[in-house]
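Biologist: I should like to go through the labels attached to this structure and hear the grounds for each of them. Please set every value against its definition.

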Amino acid sequence: MASHEQSYRAGETKGQTQAKVGQAMEGMKDKAQEAKDRTSEMAHSAKGTAHEKTGAAKDKTSDAAQATKDKTSGAAQATKDKTAGAAQATKDKASEMMESAKETAQAGQEKTGSILSKTGEQVKSMAQGAADAVKHTFGMADTAEDPHATKTPREP
């Protein structure tokens, strides 16, 4: 039978893992919202600029609209790239935390035997669920992982 101290350590490990996963998810949500807000502001700004130029001559308006489109496209692509990088970093961090939790759970299983086996499996499952949630949130879940996810082709 496992000692009280071993049960305590397993619970403590589970709590730490849950806290790390929660922090990673919160950080990822914040970065995604910031990117979304910046993109929306840029799009709104570009739209306003286009409306102000409508009264000008046809060539001038066409040139200004094209310049605005190019600038917005470049800024949107940069934001998209930055968001994708942040999402990948968060995904990688979640995977690392999942692996760490898995290793910790396996070490705990070896030390405490079958009583804490269920706890280790729960920690692994929660870490996997967190990783899957991260992938799903950013639309990176494979259809094999998430039957409700739909893949959208990336633009070159």
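Biologist: Why is Asp-37 called partly exposed?

Modeller: Buried means under 20% relative accessible area, exposed over 50%, and partly exposed in between, with a 1.4 Å probe and protein chains only. Asp-37 has a relative accessible area of 36%, and therefore counts as partly exposed. This is a predicted model, in which local features need pLDDT of at least 70 and side-chain atom pairs count only at pLDDT 80 or more, while totals for chains, interfaces and linings use all residues. Residues are numbered from 1 along each chain as its sequence is written, and side-chain values use heavy atoms, with hydrogens and water left out.

Biologist: In which helix is Asp-37 placed, and what makes a run of residues a helix?

Modeller: Asp-37 belongs to helix H1, residues 4-52. Helices (H or I, at least four residues) and strands (E, at least two) are DSSP runs, numbered from the N terminus. By that criterion the protein chain has three helices and zero strands, in the order α-α-α along the sequence.

Biologist: Which residues gather with Asp-37 in a patch of negative charge, and what makes a patch?

Modeller: Glu-26, Asp-30, Glu-34 and Glu-41 join Asp-37 in a surface patch of negative charge. Patches are made of residues with over 30% relative accessible area and no salt bridge, like charges being joined within 9 Å and nonpolar side chains (Val, Leu, Ile, Met, Phe, Trp, Tyr) within 5 Å. Asp and Glu count as negative, Lys and Arg as positive, whereas His and the chain ends are not counted. The 36% of Asp-37 is over the 30% required, so Asp-37 meets the accessibility condition.

Biologist: What makes the contact between Arg-9 and Glu-5 a salt bridge?

Modeller: A salt bridge is a side-chain nitrogen of Lys or Arg within 4 Å of a carboxyl oxygen of Asp or Glu. The closest N and O atoms of Arg-9 and Glu-5 are 2.0 Å apart, so the pair qualifies. Because Arg-9 and Glu-5 are four residues apart in helix H1, about one helical turn separates them. Both are partly exposed, Arg-9 at 43% and Glu-5 at 46%.

Biologist: How many salt bridges does a search of the whole structure find?

Modeller: The search finds two. Lys-124 also forms one with Glu-121, with the closest N and O atoms 3.5 Å apart, so this distance too is within 4 Å. Lys-124 and Glu-121 are three residues apart in helix H3, which means a separation of about one helical turn. Lys-124 is partly exposed at 23%, as is Glu-121 at 38%.

Biologist: Why is Lys-82 called exposed?

Modeller: Lys-82, in helix H2, has a relative accessible area of 55%, which is over 50%, so the label is exposed. Its C-alpha atom is separated by 9.6 Å from that of Lys-31, 51 residues away along the chain.

Biologist: What makes up the largest nonpolar core?

Modeller: Eight residues do: Val-21, Ala-24, Met-25, Met-28, Ala-94, Met-97, Ala-130 and Val-134. H1, helix H2 (58-112) and helix H3 (117-137) each supply at least two of them, and H1 gives the most, with four. A nonpolar core is a set of buried Ala, Val, Leu, Ile, Met, Phe, Trp, Tyr and Cys residues joined through side-chain atoms within 4.5 Å.

Biologist: Why is Ala-133 called partly exposed?

Modeller: Ala-133, found in helix H3, has 28% relative accessibility; this value lies between 20% and 50%, so Ala-133 is partly exposed. The C-alpha atoms of Ala-133 and Met-25 are 8.7 Å apart.

How values were computed: Accessible areas come from the Shrake-Rupley method with a 1.4 Å probe; for residues, only the protein chains shown count as cover. The place of a charge is taken as NZ of Lys, CZ of Arg, CG of Asp or CD of Glu.
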